[in-house]
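Take a slow walk through this protein with me. Keep the view open and turn it as you read.

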Amino acid sequence: VLAHARRGDIAYAADKQSSALLGALRRMRLLRCELVVVVHNGPRSRWTRWWMGGADALLSLGEAIAERNTRALTRSALPMPWGPGLSSPVYQRVVSAPEPSWDFVAAGNTNRDYGILEEAAAQRGLSGCIVEAGTARIIDRGAVVDTHAIDGYPDLVRMIRASRWVVIPLADPDRLSGLTEAADALALETPMIVTHSALFPYAAEGIVRVELGRADALGDALVAMRPKMTGLGEVALGTNMDVYASRLAEVFDSVGISDGRAPAPR
């Protein structure tokens, strides 16, 4: 980016980990292009706060995390309507899938407490799948019966469509996590159970929140009647990739060069 960026270009980083050096260079005025960064969770060090001062715009996924990041950074962090790409072929291929045959599916590599989910499944004799680092653990009536690699992302989407619930059991509810899995659930209108977190940006009839570390509460939610799914679809209509892209274009316009002398942003 440093070698090729021109004045008027915009560098967009989807997470702060990949943009620290760019932010530092921008702050020292060694990077000519504008810098837009998505901040998933707030800064934990003075170094992070310093280089973020070089960004031209800071974005956050949801109102609550944007407010927290604004306080931590003492500058505005804009909330963004992040959600699924509703027109993606990966979802369209499984729309006509049969009725769910599993009680649950859970997927994700960071900030998860799968031990509590396995405990709840064992207590209630439930069946489902836990996907972590591309490997699926199949649970049948409370016991792990098979472990195998999944066949790419479409395979995971089919698993979600074949489950009564998507479960997002967080290890630390004070960290924003699980939004990719939530986006899949929204797109497929599959109800979800999440560990209660003030940072989780979605609320709908099809989203059930449970207390941290409570296997009994998680088990109760898993065996409860499956709620109506229309609420999830309504959420997805307001928070999806088309809406996000439109808002992002507005952000790019707001930080772009508009004096008529610089080349158009690319």
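Val 105 stands opposite Val 166 in strand 9. The model is a predicted one, and this pair is a good place to enter it. The two strands involved are strand 5, residues 102–107, and strand 9, residues 163–168. They pair in the parallel sense, over three bridges.

Now look to strand 10, residues 192–195. Strand 9 pairs with strand 10 too, again in the parallel sense and over three bridges. Here Ile 168 stands opposite Val 194 in strand 10. Is strand 9 largely enclosed or left open? Five of its six residues are buried, so strand 9 is largely enclosed by the rest of the structure.

Next, find Glu 181. This residue is found in helix 7. Is Glu 181 buried or exposed? Its relative accessible area is 4%, and buried means under 20%, so Glu 181 counts as buried. What does Glu 181 touch, leaving aside residues up to four places away in sequence? The list is Val 105, Ala 106, Ala 107, Arg 112, Val 166, Val 167 and Ile 168. Val 105 and Val 166, the facing pair from strand 5 and strand 9, are both among these contacts.

Helix 7 also leads us to an open space. A general idea helps first. Rolling a probe the size of a water molecule over the atoms shows where empty space is left. In this model, the largest pocket has a volume of about 640 Å³. Its lining has 33 residues, and Thr 110, Arg 112, Gly 178, Leu 179 and Thr 180 lie nearest the centre. Three elements give two or more residues to this lining: strand 6 (128–132), helix 6 (153–161) and helix 7 (179–188). Which gives the most? Helix 7 does, with four residues. By class, the lining of the pocket has 14 nonpolar, eleven polar and eight charged residues.

Stay with helix 6 for a moment. Its buried residues are Asp 155, Leu 156, Val 157, Met 159, Ile 160 and Arg 161. A general rule is worth keeping in mind. An α-helix has 3.6 residues a turn, so residues three or four places apart point the same way. What covers the buried residues of helix 6? The cover includes helix 4 (89–92), strand 5, strand 6, strand 7, strand 9 and helix 7.

Strand 7 is our next stop. Strand 7 (residues 135–140) and strand 8 (residues 143–149) run antiparallel, joined by six bridges. Thr 135 has Ala 149 of strand 8 as its bridge partner. The two strands form a hairpin with two residues between them. In that hairpin, Arg 141 takes a positive phi near 50 degrees.

There is also enclosed space to find. How many cavities of 30 Å³ or more are there? The count comes to one. The largest cavity has a volume of about 60 Å³. Among the residues lining it are Asp 113, Ile 116, Pro 169, Leu 170 and Thr 195. Others in the lining include Val 210, Glu 211, Leu 212 and Arg 214. By class, six lining residues are nonpolar, two polar and three charged.

Now move to the start of the chain. Four strands form an open sheet there, in the order 1-2-3-4, with parallel pairing. Strand 1 (10–13) and strand 4 (77–80) each have a single partner strand, so one side of each is left without a neighbour in the sheet. From one strand to the next, the twist averages 25 degrees. Strand 1 pairs with strand 2 (residues 34–38) over four bridges. In this pairing, Tyr 12 stands opposite Val 36. Helix 3 (residues 63–73) packs on the sheet and touches strand 3 (57–61) and strand 4. The direction of helix 3 makes about 170 degrees with that of strand 4.

Last comes helix 1, residues 20–27. Six of its eight residues are buried, and the helix is mostly covered. The buried ones are Ala 20, Leu 22, Gly 23, Ala 24, Leu 25 and Arg 26. They pack against strand 2 and helix 2 (46–52). Just after helix 1, Arg 29 takes a positive phi of about 65 degrees.

Note on methods. Residues are numbered from 1 along each chain as its sequence is written. This is a predicted model: local features need pLDDT of at least 70, side-chain atom pairs count only at pLDDT 80 or more; totals for chains, interfaces and linings use all residues. Side-chain values use heavy atoms; hydrogens and water are left out. Two strands pair if DSSP finds at least two bridges between them. Axes are lines fitted to C-alpha atoms, for helices over the stretch in contact, and angles run from 0 to 180 degrees between N-to-C directions. Contact means heavy atoms within 4.5 Å. On a 1 Å grid over the protein atoms alone, a cavity is a set of points where a 1.4 Å probe fits but cannot get out, and a pocket is an open set with protein on both sides within 12 Å along at least five of seven lines; lining residues have an atom within 4 Å of a point. Grid points are joined across faces, edges and corners, and a volume is the space filled by probe spheres set on the points. Ala, Val, Leu, Ile, Met, Phe, Trp, Tyr, Cys and Pro count as nonpolar, Asp, Glu, Lys and Arg as charged, and the others, Gly among them, as polar. Buried means under 20% relative accessible area, exposed over 50%, partly exposed in between (1.4 Å probe, protein chains only).
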